[in-house]
Amino acid sequence: MAAGDAIHRFPLIKIQGVPLMCHIAHNWDSIWAFRPDPSDLLIATYPKAGTTWTQEIVDLLLNNGDAEVARRAPTSVRIPFLEIHSPPPIPSGLSLLKNMDPPRVIKTHLPFQLVPEGFWKNKCKAIYVARNAKDNLVSYYHFDRMNLTQPEPGPWDGYIHKFMNGELAWGSWYDHVKGYWEEREKRNILYLFYEDMKENPQREVERIMCYLDLSLSDDVISRIVELTSFETMKENPMTNYSFIPKPVFDQSISSFMRKGVVGDWTNHFSPAQKQLFDDDYKRQMKDADIPFRTDI
Ligand code: A3P
């Protein structure tokens with residue numbers, strides 16, 4: 001996409017049935033052709049499942065908990081977003097990756113079947129973070145209000161239906177979490193839950209450390225837990241997306257680091273909406289035994 005292209009709410013175009021922002025769909029061949037190095041690490045999530053949090057934990061683990069090193073650049077520059085291809089100032093994933101030497105950490109929101117095959121052929125490590133559907137939906141709703149490149153969210157009630165119908169950018173939450181769950185053992189994917197990270201961040205940081213074959217001292221792990229707390233990351237200009245200007249992320253509407261809790265859905269769903277959502281959830285998740293929790 002050319003530097004002069006205007007920022008606006010991009011329409012969605014389907015790739016293999018998955019709605020993606022048009023700039024991603026238009027650039028699809030280059031994204032699909034991306035060839036990672038076997039040493040590259042993928043962090044995959046459905047949008048708003050705790051991606052930025054996990055990116056920061058991983059970057060600190062790889063840098064021995066050094067806060068100064070982790071502050072070398074904003075999250076999306078340190079850990080490129082593979083498929084993003086919108087106009088500046090949002091850095092394009094593929095162009096950042098072209099100028100980085102492996103091993104790289106790479107973020108994606110693509111569902112499993114759209115992740116470039118090279119990741120699996122090269123046996124790259126991959127971390128998937130999942131968040132319970134209702135909190136994920138609430139977070140996405142507020143994000144779509146403030147991210148002025150995402151499609152207009154419209155009213156809350158209608159947004160719930162868009163989520164249930166898989167009409168939001170990056171498609172169905174249900175297919176997304178199930179797709180990686182089904183492949184996790186075959187592909188050696190570390191499958192994490194946002195709720196577990198909130199419940200016991202130290203345990204989950206250690207789990208990631210082991211997966212990355214690292215061994216850090218207890219002091220360093222404690223420091224990483226502190227540096228990646230919601231409160232610390234909300235104040236950190238390298239993690240709170242304050243570098244993205246207001247015409248793109250209007251954080252006066254809703255902060256990127258909004259609440260960072262489990263269970264905020266109870267403040268949004270009416271009893272009738274909850275019933276409708278839960279009935280549909282049972283239908284869409286009937287064959288999956290993924291242990292999601294909506295409170296901790
Ligand atoms: P809320 O909107 O519920 O507050 P992503 O990084 O995938 O876009 O996810 C963003 C969500 O993760 C937001 O959720 C954000 O507040 C939350 N988040 C970001 N950093 C966090 C942290 N360190 N601890 C807990 N939640 C965090």
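## Asn-136 in helix 8

Asn-136 sits in helix 8, which covers residues 133-146. The model that places Asn-136 there is predicted. The relative accessibility of Asn-136 is 0%, so this residue counts as buried; the cut-off for that class is under 20%.

A polar atom of the Asn-136 side chain lies 2.8 Å from the backbone oxygen of Pro-47. Pro-47 is also listed among the residues that Asn-136 touches, once residues up to four places away in sequence are set aside. The other residues on that list are Tyr-46, Lys-48, Ala-49, Arg-131 and Trp-173.

## Strand 3 and its partners

Strand 3 runs over residues 41-45 and is mostly covered, with 5 of its 5 residues buried. Leu-41, Ile-43 and Thr-45 point one way from the strand, while Leu-42 and Ala-44 point the other way. Residues on both sides are buried.

Strand 3 pairs with two strands. With strand 4 (residues 105-108), the pairing is parallel and has 4 bridges. With strand 5 (residues 125-130), the pairing is also in the parallel sense, over 5 bridges. Leu-42 can be used to locate both pairings: Leu-42 stands opposite Ile-106 in strand 4, and its bridge partner in strand 5 is Ala-126.

## Helix 15

Helix 15 is made up of 14 residues, 271-284. At 1.5 Å a residue it should span 20 Å, and because its end C-alpha atoms are 20 Å apart, the expected and modelled values agree. The expected span is 1.5 Å times one less than the number of residues.

Which residues of helix 15 are buried? They are Gln-273, Phe-277, Asp-278, Asp-280 and Gln-284. These buried residues pack against helix 8, helix 9 (156-164) and helix 10 (173-183). Helix 8 is the helix that holds Asn-136, and Trp-173, one of the residues touched by Asn-136, has the number at which helix 10 begins.

## Cysteines

How many disulfides does the model contain? The count is 0, where a disulfide would need a pair of cysteine sulfur atoms within 2.5 Å.

Two cysteines can be described by their accessibility. Cys-124 has 2% relative accessibility and therefore counts as buried. Cys-210, at 51% relative accessibility, counts as exposed, because the exposed class takes values over 50%.

How values were computed: Residues are numbered from 1 along each chain as its sequence is written. This is a predicted model: local features need pLDDT of at least 70, side-chain atom pairs count only at pLDDT 80 or more; totals for chains, interfaces and linings use all residues. Side-chain values use heavy atoms; hydrogens and water are left out. Buried means under 20% relative accessible area, exposed over 50%, partly exposed in between (1.4 Å probe, protein chains only). A polar contact is a pair of N or O atoms within 3.5 Å; within protein, one must be able to donate a hydrogen and the other to accept it, and residues adjacent in sequence count only if both atoms are side-chain atoms. Contact means heavy atoms within 4.5 Å. Two strands pair if DSSP finds at least two bridges between them.
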